[in-house]
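User: I would like to learn how to read a structure one feature at a time. Please start with a strand and work outwards.

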Amino acid sequence: AKLVFDKVQLIDEPDNEINSNDEVKLKVHLSNIGNYPATSVVGTLSSQSNVIEIANETNNYEAILVGESFGSNQSFEIESKETSDEEIILNLLCCI
């Protein structure tokens, strides 16, 4: 299996943005571009930014078949603090 980032889906976020002092649930979708299915995938979300906190940092993914995209079973939960124009980078580490 070879997993790559596909998209981020914000859950129940009316303006579809992460704003200052906002609590956001999101799903990270992964695509399997490898030759074998990916099973028992665990994703851990992290960031070195001090303007967000990640409440639910680890999620499980069901089997991601070859050529398919799949979002995590649960949503990741982040809370933003007072933000500026700082770019926030989120990292997702996946273990199969």
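**Strands, contacts and a pocket**

Analyst: The side chains of β3 alternate: Val41, Gly43 and Leu45 are buried and point to one face, while Val42, Thr44 and Ser46 point to the other and are not buried. Buried means under 20% relative accessible area, exposed over 50%, and partly exposed in between, with a 1.4 Å probe and protein chains only. Strands (E, at least two residues) and helices (H or I, at least four) are DSSP runs numbered from the N terminus. In general, side chains of a regular strand alternate between the two faces of the sheet.

User: What kind of model is this, and how are residues and atoms treated?

Analyst: The model is predicted, so local features need pLDDT of at least 70 and side-chain atom pairs count only at pLDDT 80 or more, while totals for chains, interfaces and linings use all residues. Residues are numbered from 1 along each chain as its sequence is written, and side-chain values use heavy atoms, with hydrogens and water left out.

User: Which strands make up the open sheet of three strands, and in what order?

Analyst: As a general idea, strands of a sheet pair through backbone hydrogen bonds, in a parallel or antiparallel sense. Two strands count as paired if DSSP finds at least two bridges between them. Here the open sheet has the order β5-β3-β8, and its pairing is antiparallel. β5 (58-61) and β8 are the edge strands with a single partner each, so one side of each has no neighbour in the sheet. From one strand to the next the twist averages 25 degrees; axes are lines fitted to C-alpha atoms, for helices over the stretch in contact, and angles run from 0 to 180 degrees between N-to-C directions.

User: How many bridges join β3 to β8, and how many pair β3 with β5?

Analyst: β3 (residues 41-46) is joined to β8 by five bridges, and β3 pairs with β5 over four. Both pairings are antiparallel. Threonine 44 can serve as a reference point, with threonine 58 of β5 opposite it and leucine 93 of β8 opposite it as well. Valine 42 has cysteine 95 in β8 as its bridge partner.

User: Is β2 mostly covered or mostly open, and which strands pair with it?

Analyst: β2 is mostly covered, with seven of its 10 residues buried. Eight bridges pair β2 with β1 in the antiparallel sense, and phenylalanine 5 has leucine 30 of β2 as its bridge partner. β2 is also antiparallel to β7, over four bridges, where valine 24 stands opposite isoleucine 78. Strand β6 (residues 69-71) adds an antiparallel pairing to β2 through three bridges, one of the partner pairs being histidine 29 and glycine 71.

User: Where are asparagine 16 and asparagine 21, and what is the phi of each?

Analyst: Asparagine 16 sits in the loop between β1 (3-11) and β2, and asparagine 21 is likewise in the loop between β1 and β2. Neither is a glycine, yet phi is positive at about 55 degrees for asparagine 16 and about 50 degrees for asparagine 21. Asparagine 16 is exposed at 53% relative accessible area, and asparagine 21 is exposed at 55%.

User: Which residue forms a salt bridge with glutamate 53?

Analyst: Side chains of opposite charge can pair when their charged atoms come close. The rule for a salt bridge is a side-chain nitrogen of Lys or Arg within 4 Å of a carboxyl oxygen of Asp or Glu. By this rule the count is one: glutamate 53 with lysine 81, whose closest N and O atoms are 3.4 Å apart. Glutamate 53 is in strand β4 (residues 52-56) and lysine 81 in the loop between β7 (76-80) and β8 (91-95), so the pair ties together parts 28 residues apart in sequence. Glutamate 53 is partly exposed at 45%, and lysine 81 is partly exposed at 36%.

User: What is the volume of the largest pocket, and which residues line it?

Analyst: A pocket is found on a 1 Å grid over the protein atoms alone, as an open set of points where a 1.4 Å probe fits, with protein on both sides within 12 Å along at least five of seven lines; lining residues have an atom within 4 Å of a point. The volume of the largest pocket is about 160 Å³, taken as the space filled by probe spheres set on the points, which are joined across faces, edges and corners. Its lining includes Val24, Glu53 and Ile78. β2 (23-32), β4 and β7 are the elements that give two or more residues to this lining. By class, the lining has five nonpolar, no polar and seven charged residues; Ala, Val, Leu, Ile, Met, Phe, Trp, Tyr, Cys and Pro count as nonpolar, Asp, Glu, Lys and Arg as charged, and the others, Gly among them, as polar.
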